[in-house]
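Student: I have a model on screen and want to learn how to read it. Can we go through it feature by feature?

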Amino acid sequence: MSIHNKLKPSKDAPYPDTFDHKRWRECMKNPHDVGGELDVPMQYEEKEEEQWELNTYVICECLAWRGIWNAEERRRRQNVDFGNSNYLALPYYGRWLITAARIIVDKQLVTLTELVNKQEEVRKRYE
Amino acid sequence: MAEKHNHDHNHAPMVEEISDFEVLEIAVRELCIEKGLFTIDDHRQFTEYAHNIGPLPAARLVAKAWLDPEFKKLALEDGVKASLEVGIDWITSPPTDFGTPSDYCDLRILEDTATTKHVVVCTLCSCYPRPILGHSPEWYRTPNYRRRIVRWPRDVLSEFGVNLPEGVNVRVEDSNQKCRFMVMPMRPEGTEGWTEEQLTEIVTRDCMLGVALPHPDRKHNAKRPIHKAINPVHGH
Amino acid sequence: MNRSHHADKATGVGDPQCFKGEAGPAKFKAGDRVRVKDLPDIFYTRTMQYCRNVVCEVVIATHESPAAEDEAWDNCDNPEWFYIVRFKQQDLWPEYPDTYSNDTLQTELSERWLELV
């Protein structure tokens, strides 16, 4: 007997006719819009700031200061464009940093090649 | 994760490990400077500004308002103008001369009364009145706080140790646009005859977020665990 | 790429002060009862889902600024008025207890998101 008769229906990308308005709303909900979602009590902590985190905050503000973007563009990219999975999976300042890297590439101020080469160059300094 | 910091210093020093974040940060900063997006001096100036902000000016603003009804009226009508009197110019204190890009220039002060207790959040990110209050605490940025405080404010306040007497209503301020907010808590009993300096000392950051009530015996935020950094901010 | 357009406009003036006068008259005033519209929020919004379709009261008109949905793409030519609005918590959350029926929540929304009831 062919194996295809034994395979269950795919749970892969959904067919559009199975994608109702409720599902549309769920997918379109901006990742940053968490107010009122269910959650449980958690120990709230302070955090000692990493040097790279402070540097990242300053990079982002300097990019806005010098007109590469404004803070609202940053928030849109940093808090929504990532998509829900990465929004929840990445550290807070990790998103700031990756967003800063992304804007300079997106606006063709730096090529991705240059960014990759620079990362390699930096890593080599620590070998 | 932090294993390398436990190594025995009598051995030859280990090669400095560097994280993916640190590599990317250096790469981005150097490229930005090389391409003239901002200067090394811009970065230094803004870093200096970031080091110099903190909650003291906001605490002094509250203390002043407690002592001077006219100033209190100004503070509630025009937070930016009132900030000037504690040395904070929302427009020109930051090196940009047009405000900080992320904090803008529209501070609003929320007055707690006998019947209304305020608490502040930014459910969408972590918007915070940095120029007058300094940097936000880690917990304020968490999805957990942002999810829960708007819907179960009394539960969350209770976890912070704030249990409100009957007749006090809670008002949550979700700061989701350009306005920035701080709470002016009520002046506590037991502070009669205190100077502005004495009052300033008991207005903590947590009081001005609305998750703590000022008390004559409390000069610090409630103790909570501090997650240590691997390579913390140095040089200041 | 014109990098100085915001600095040119806002230096010494501040943001949102730099947009003052550009939105025309405010449509709403303190005390107005308004409903939050449920506009499509594809790609970006700063109007939380928890307040869509809920009736609230205008507390104050705060300032003029491009709507976040526009500013996030640097489309700053059409500022609108922003308002702090106040909700009863019981109107936002189905399980909010009667014991605390006077609890409220305030947030800031731009004019396009509101309609008079």
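Student: Which pattern does chain A follow, read along the sequence?

Tutor: First, a caution: this is a predicted model. Now the pattern. Chain A reads α-β-α-α-α-α-α along its sequence. That comes to six helices and one strand.

Student: What is the radius of gyration of chain A, set against a compact globule of 127 residues?

Tutor: Chain A has 21 Å, while a compact globule of 127 residues would have a value near 14 Å. The C-alpha trace spans about 60 × 40 × 30 Å along its principal axes. Of its 127 residues, 37% count as buried. Look at contacts too. Among those in chain A with a separation of 6 or more, 64% link residues 24 or more positions apart.

Student: How do I read a helix pair?

Tutor: Two packed helices are described by the angle between their axes and the distance between the axes. Take helix H3 (residues 71–81) and helix H5 (residues 92–106) of chain A: their axes come within 9 Å and cross at roughly 115°. The crossing of H3(A) and H5(A) is right-handed.

Student: Which residues make the contact of H3(A) with H5(A)?

Tutor: H3(A) supplies Arg74(A), Arg77(A) and Gln78(A). H5(A) supplies Arg95(A), Trp96(A), Thr99(A), Arg102(A) and Ile103(A). By class, this contact has two nonpolar, two polar and four charged residues.

Student: Now the sheet. What holds strands together in general?

Tutor: Strands of a sheet pair through backbone hydrogen bonds, either parallel or antiparallel. Here seven strands form an open sheet with mixed pairing, in the order E2(B)-E3(B)-E4(C)-E3(C)-E2(C)-E1(C)-E5(C).

Student: Why is one side of E2 of chain B and of E5 of chain C left without a neighbour in the sheet?

Tutor: Strand E2 (116–121) of chain B and strand E5 (114–116) of chain C stand at the edges, each with a single partner strand, so one side of each has no neighbour in the sheet. Neighbouring strands are turned by 35° against each other on average, direction ignored.

Student: Show me one parallel and one antiparallel pair.

Tutor: Parallel: four bridges join E3(B) to strand E4 (residues 104–110) of chain C. There, Val172(B) has Leu105(C) as its bridge partner. Antiparallel: three bridges join strand E1 (residues 33–36) to strand E2 (residues 55–65), both of chain C. Arg35(C) has Val55(C) as its bridge partner in E2(C).

Student: How many residues does the contact take from chain B and from chain C?

Tutor: It takes 23 residues from chain B and 26 residues from chain C. On the chain B side, strand E3 (residues 169–174) gives the largest share, six residues. That side has 10 nonpolar, five polar and eight charged residues.

Notes:
Residues numbered from 1 in each chain as written. Chains lettered and ligands numbered in written order. Predicted model: local features only at pLDDT ≥ 70, side-chain atom pairs only at ≥ 80, totals over all residues. Pairing = 2+ DSSP bridges. Helix = DSSP H or I, 4+ residues; strand = E, 2+ residues; numbered from the N terminus. Axes fitted to C-alpha atoms, helices over the stretch in contact; angles between N-to-C directions. Contact = placed C-beta atoms within 7 Å. Nonpolar A, V, L, I, M, F, W, Y, C, P; charged D, E, K, R; others polar. Left-handed = near helix turned anticlockwise from the far one by under 90°. Rg over C-alpha atoms; globule rule 2.2 N^0.38 Å. Buried ≥ 20, exposed ≤ 12 C-beta atoms within 10 Å, placed from the backbone.
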